[in-house]
Amino acid sequence: MNHQQIREKLTAFHDPELPSEERLEIAKHLESCEDCRGVLNRCEHAAKMFSRATLPKPSEKFVTGVMDRLERLEELTPAVVERPTPFLRWLFPAIGYGFALLLMLIAISNREPLIDTETVLLADTPQKTQWTFSKEMPEIDTLLNLKEDV
Ligand SMILES: [Zn+2]
């Protein structure tokens, strides 16, 4: 690795995932390169500062400050929000109702005429069919419709 490549890897110097050969190579370069040593020192210093930094404690003042700002925003927003919708306010429901009405009209026009069971049964019955009662025993061929009626 040259100086530039090592510079790019300096932030990973303490990373346990850095291969040990690379760490050795960097360490060797650091002995001779003051520039890279300085960069590493600054990195280590910054890391130390971050690890020492504590989260800001929740304070009453912060909460009331945020709430005040929210209230002020709410006072400002209605004027901003109301402007662009004076006619859209009725347009959307109007479209909705119009569409519902259209669907109803389509449904009504497509509705098939009501047919009750009796009509269907009578319509399906062939007109020439008749019941005949006779004491005579019909021939088997007649029964099976193989012969024309006698
Ligand atoms: Zn260097």
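**Exercise 1. State how many residues helix α3 (residues 34-52) has and how its end-to-end reach compares with the expected value.**

Solution. Helix α3 contains 19 residues. From the first C-alpha to the last it reaches 27 Å, close to the 27 Å expected at 1.5 Å a residue. The model is a predicted one. As for burial, α3 is hardly covered, with one buried residue among its 19.

**Exercise 2. Repeat the span check for α2 and for α5, and decide whether each helix is covered or in the open.**

Solution. Step one is α2. Its 13 residues should span 18 Å at 1.5 Å a residue, and its end C-alpha atoms are 19 Å apart, which agrees. One of those 13 residues is buried, so α2 lies largely in the open.

Step two is α5, which covers residues 88-110. Its 23 residues reach 33 Å from first C-alpha to last, close to the 33 Å expected. The number of buried residues in α5 is zero, so this helix also lies largely in the open.

**Exercise 3. Describe the secondary structure and the burial of the whole protein.**

Solution. The protein has seven helices and zero strands. Along the sequence the pattern reads α-α-α-α-α-α-α. Of the 150 residues, 3% are buried.

**Exercise 4. Locate alanine 12 and classify it as buried, partly exposed or exposed.**

Solution. Alanine 12 sits in the loop between α1 (3-9) and α2. A buried residue needs 20 or more other C-beta atoms within 10 Å, and an exposed one has 12 or fewer. Alanine 12 has 14 within that distance, so it is partly exposed. Its C-alpha is separated by 9.8 Å from that of leucine 40, 28 residues apart along the chain.

**Exercise 5. Give the helix content of the region that UniProt lists as "domain: Putative zinc-finger".**

Solution. The unreviewed UniProt entry lists residues 5-37 under that name. Over this range the chain is 67% helix and 0% strand. The C-alpha atoms at the two ends of the range are 14 Å apart.

**Exercise 6. Find which elements have the highest and the lowest mean pLDDT, and set them beside the average for the protein.**

Solution. The highest mean belongs to helix α2 (residues 20-32), at 94. Helix α6 (residues 117-124) has the lowest, at 68. The protein averages 80, and 76% of the residues score at least 70. Where pLDDT is low, the predicted coordinates should not be read in detail.

Terms used: Residues are numbered from 1 along each chain as its sequence is written. This is a predicted model: local features need pLDDT of at least 70, side-chain atom pairs count only at pLDDT 80 or more; totals for chains, interfaces and linings use all residues. UniProt positions are given in the numbering used here, feature names are shortened, and annotations may be inferred rather than shown by experiment. Helices (H or I, at least four residues) and strands (E, at least two) are DSSP runs, numbered from the N terminus. pLDDT is the predictor's confidence in each residue, from 0 to 100. The expected span of a helix is 1.5 Å times one less than its number of residues.
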